[in-house]
Amino acid sequence: IIYMNIVYYFAGVSGIAKSSLQYYVIDSNEALEFKLVRSPADIDDEESTFKPDMSHQVYGDSEQIFGYSGLRIKVYYSACRLTTYLTHTYTEKVDPEKFEGIEVSNLQNLQV
């Protein structure tokens, strides 16, 4: 389970770097997309996609993901077997060498 506390990630980071890192804080409710797939046509149908109201069970009370900009996490379920497909895309990721060794959230730990 992913739990993150943004304050923890910013601990020990200088003020200028801290303000630059705010760009990489994502609202997990906005980044997550769920879809129940009943037929192949549903895969490309954006109207069947929905976002969660809450994600604190996975991303902590802050419901934030750190380390990415333009992050989209897609979680698709097949309707008959509930087989899960998980993927993510992003436009930019924090470089730990530029920000005093700071680490990004591990997106592969998402339990579906």
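These exercises walk through a predicted model of one protein, each with a worked solution.

**Exercise 1. The overall layout**

Task: State how many helices and strands the protein has, then give their order along the sequence.

Solution.
- Step 1. Count the elements. The protein has five helices and eight strands.
- Step 2. Read from the start of the sequence. The pattern is α-α-β-α-β-α-β-α-β-β-β-β-β.
- Step 3. Add the burial figure. The protein has 112 residues, and 38% of them count as buried.

**Exercise 2. The salt bridge**

Task: Find which side chains form the salt bridge, and work out which parts of the chain the pair ties together.

Solution.
- Step 1. Search the whole structure. One salt bridge turns up.
- Step 2. Name the partners. The side chains of E33 and R72 meet, with 2.7 Å from N to O.
- Step 3. Apply the cut-off. A salt bridge needs a Lys or Arg side-chain nitrogen within 4 Å of an Asp or Glu carboxyl oxygen. The 2.7 Å contact of E33 and R72 qualifies.
- Step 4. Recall the principle. Side chains of opposite charge can pair when their charged atoms come close.
- Step 5. Place the partners. E33 sits in strand β2 (residues 32–37) and R72 in strand β6 (residues 72–78), so the pair links parts that are 39 residues apart in sequence.
- Step 6. Check exposure. E33 is buried, at 7% relative accessibility. R72 is partly exposed, at 34%.

**Exercise 3. Strand β2 and beyond**

Task: Take F34 and R38. For each, say where the residue lies, whether it is buried or exposed, and how far its C-alpha is from that of a residue 40 positions away in sequence.

Solution.
- Step 1. Start with F34. This residue lies in strand β2.
- Step 2. Use the cut-off. Buried means under 20% relative accessible area. F34 has 18%, so it counts as buried.
- Step 3. Look across to K74. F34 and K74 are 40 residues apart in sequence, yet their C-alpha atoms are 6.1 Å apart.
- Step 4. Move on to R38. This residue is in the loop between β2 and α4.
- Step 5. Use the other cut-off. Exposed means over 50%. R38 has 64%, so it is exposed.
- Step 6. Look across to S78. R38 and S78 are also 40 residues apart in sequence, with 6.2 Å from C-alpha to C-alpha.

**Exercise 4. The nonpolar core**

Task: Identify which residues of the largest nonpolar core touch the most other members, and which elements give two or more residues to this core.

Solution.
- Step 1. Recall the trend. In soluble globular proteins, nonpolar side chains tend to be buried together.
- Step 2. Take the largest nonpolar core. It has 19 residues.
- Step 3. Pick out the best-connected members. L21, I65, F66, L71, I73 and V94 touch the most other members.
- Step 4. Map the elements. β1 (25–27), β2, β4 (64–66) and β6 each give two or more residues to this core.

**Exercise 5. A charged patch**

Task: Find which residues form the patch of negative charge, and place D44.

Solution.
- Step 1. List the members. D44, D45, E46 and E47 gather on the surface.
- Step 2. Locate D44. This residue belongs to helix α4 (residues 40–44).
- Step 3. Check exposure. D44 is exposed, at 67% relative accessibility.

**Exercise 6. Positive phi**

Task: Compare E63 and L82. Say what phi each has, where each lies, and whether each is buried or exposed.

Solution.
- Step 1. Set the background. Most residues other than glycine have a negative phi.
- Step 2. Read phi. E63 has a positive value near 50°. L82 has a positive value near 60°.
- Step 3. Place both. E63 is in the loop between α5 (56–59) and β4. L82 is in the loop between β6 and β7 (84–89).
- Step 4. Check exposure. E63 is buried at 16%, whereas L82 is exposed at 53%.
- Step 5. Add a distance. L82 and V37 are 45 residues apart in sequence, and their C-alpha atoms are 9.0 Å apart.

Terms used: Residues numbered from 1 in each chain as written. Predicted model: local features only at pLDDT ≥ 70, side-chain atom pairs only at ≥ 80, totals over all residues. Heavy atoms only, no water. Helix = DSSP H or I, 4+ residues; strand = E, 2+ residues; numbered from the N terminus. Buried < 20%, exposed > 50% of the residue type's maximum accessible area, 1.4 Å probe, protein only. Core = buried A, V, L, I, M, F, W, Y, C linked by side-chain atoms within 4.5 Å. Patch = residues over 30% accessible without salt bridge, like charges linked within 9 Å, V, L, I, M, F, W, Y side chains within 5 Å. Areas by Shrake-Rupley, 256 points an atom, 1.4 Å probe, with all protein chains shown as cover. Lys, Arg positive; Asp, Glu negative; His and termini not counted. Charge placed at Lys NZ, Arg CZ, Asp CG, Glu CD.
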